[in-house]
Amino acid sequence: MINNYERKVEPAVNRYIGTAAIPITAARNRSGESALGNLIADSERAAMNTDFAFINPGGIRADIDPGRVTWGNLYVVLPFSNQLVKLNLTGSQIREILNQQWQPDTARILQISGFTYSWDDRQPAGSKIQEIYLPNGTKLDPDKIYSVTVNTYLADGGDNFTAFRNGKNRVTGPMDIDALEKYIKQLPQPFSSAIDGRIKRID
């Protein structure tokens, strides 16, 4: 019975999406940033046309190997069928969310798109986030409202990121895997992604 169903889904699983020029991994550097996290966050921000995007690192379950990339490969990377959610947050709420990355049991560094920030591990929990910059070099305005893309898990406060629950004007979008597929298809091929300094740890 399993073999029968595998034959039925094989065309969808093996559907060509793109060609990876290099290994694109979820391995995070010392600051907490990963090449695959950047790629997925960029795809989600593009899908919902928002200022920023955030991804919980636990939602990324595999790497993208170099060479031919199929839908099945992407499903292994994003297997949870999470829908994307657009919501509005103030700059101060975004800072609060970033400070929630440090929890009593562990640090969960979110993968991000649309801004850069620095953090200082010598500071106490709740005060580790230092400067937050927009792409044009200006600082995040604590009073301004920004549009944000997250998945349904984070939107509901998953991994103790409770500040996401304060997001306003929620709009549900496509599945995360569909956003990633569409984004990869429009990239120049073969495509790649790299750690580019979005997250900087201060020593």
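A residue is called exposed when its relative accessible area is over 50% and buried when that area is under 20%. The exercises below concern a predicted model.

**Exercise 1. Determine whether N49 is buried or exposed, and describe its backbone and its place in the chain.**

Solution. The relative accessible area of N49 is 67%, and since the cut-off for exposed is over 50%, N49 is therefore classed as exposed. As to its place, N49 comes just after α2, in the loop between α2 and β2 (52-55). Its phi is positive, at about 55°, although N49 is not a glycine. Most residues other than glycine have a negative phi.

**Exercise 2. Find which other backbone features call for comment in the loops that hold N160 and P190.**

Solution. Begin with N160, which lies in the loop between α5 (152-155) and β9 and has a positive phi of about 65° although it is not a glycine. Then turn to P190, which is found in the loop between α6 and β10 (199-202); the peptide bond that leads from Q189 to P190 is cis, with omega near -5°. Most peptide bonds are trans.

**Exercise 3. Check the length of α2 against the expected span, and establish how far the helix is enclosed.**

Solution. First, the 14 residues of α2 should span 20 Å at 1.5 Å a residue, and the end C-alpha atoms are 21 Å apart, which agrees. Next, eleven of these 14 residues are buried, so α2 is largely enclosed by the rest of the structure; the buried residues include the run A35, L36, G37, N38, L39, I40, A41, D42, S43 and E44, together with M48. Finally, at the start of the helix, a side-chain oxygen of S34 comes to within 2.8 Å of the backbone nitrogen of G37.

**Exercise 4. List the buried residues of α6 and state what covers them.**

Solution. In α6, which comprises residues 176-186, the buried residues are D176, I177, A179, L180, E181, Y183 and I184. Their cover includes the helices α2 (35-48) and α3 (71-77), as well as the strands β1 (16-20), β4 (83-90) and β9 (168-175).

**Exercise 5. Compare the radius of gyration of the chain with that of a compact globule, and describe the fold as a whole.**

Solution. For 203 residues a compact globule would have a radius of gyration near 17 Å, and the chain has 17 Å, which agrees. The C-alpha trace spans about 55 × 35 × 35 Å along its principal axes, and the chain has six helices and ten strands. Of its 203 residues, 47% count as buried. Among contacts with a separation of 6 or more, 78% join residues 24 or more positions apart.

Methods:
Residues numbered from 1 in each chain as written. Predicted model: local features only at pLDDT ≥ 70, side-chain atom pairs only at ≥ 80, totals over all residues. Heavy atoms only, no water. Buried < 20%, exposed > 50% of the residue type's maximum accessible area, 1.4 Å probe, protein only. Helix = DSSP H or I, 4+ residues; strand = E, 2+ residues; numbered from the N terminus. Contact = heavy atoms within 4.5 Å. Expected span 1.5 Å × (residues − 1). Polar contact = N/O pair within 3.5 Å; in protein donor to acceptor, adjacent residues only side chain to side chain. Rg over C-alpha atoms; globule rule 2.2 N^0.38 Å.
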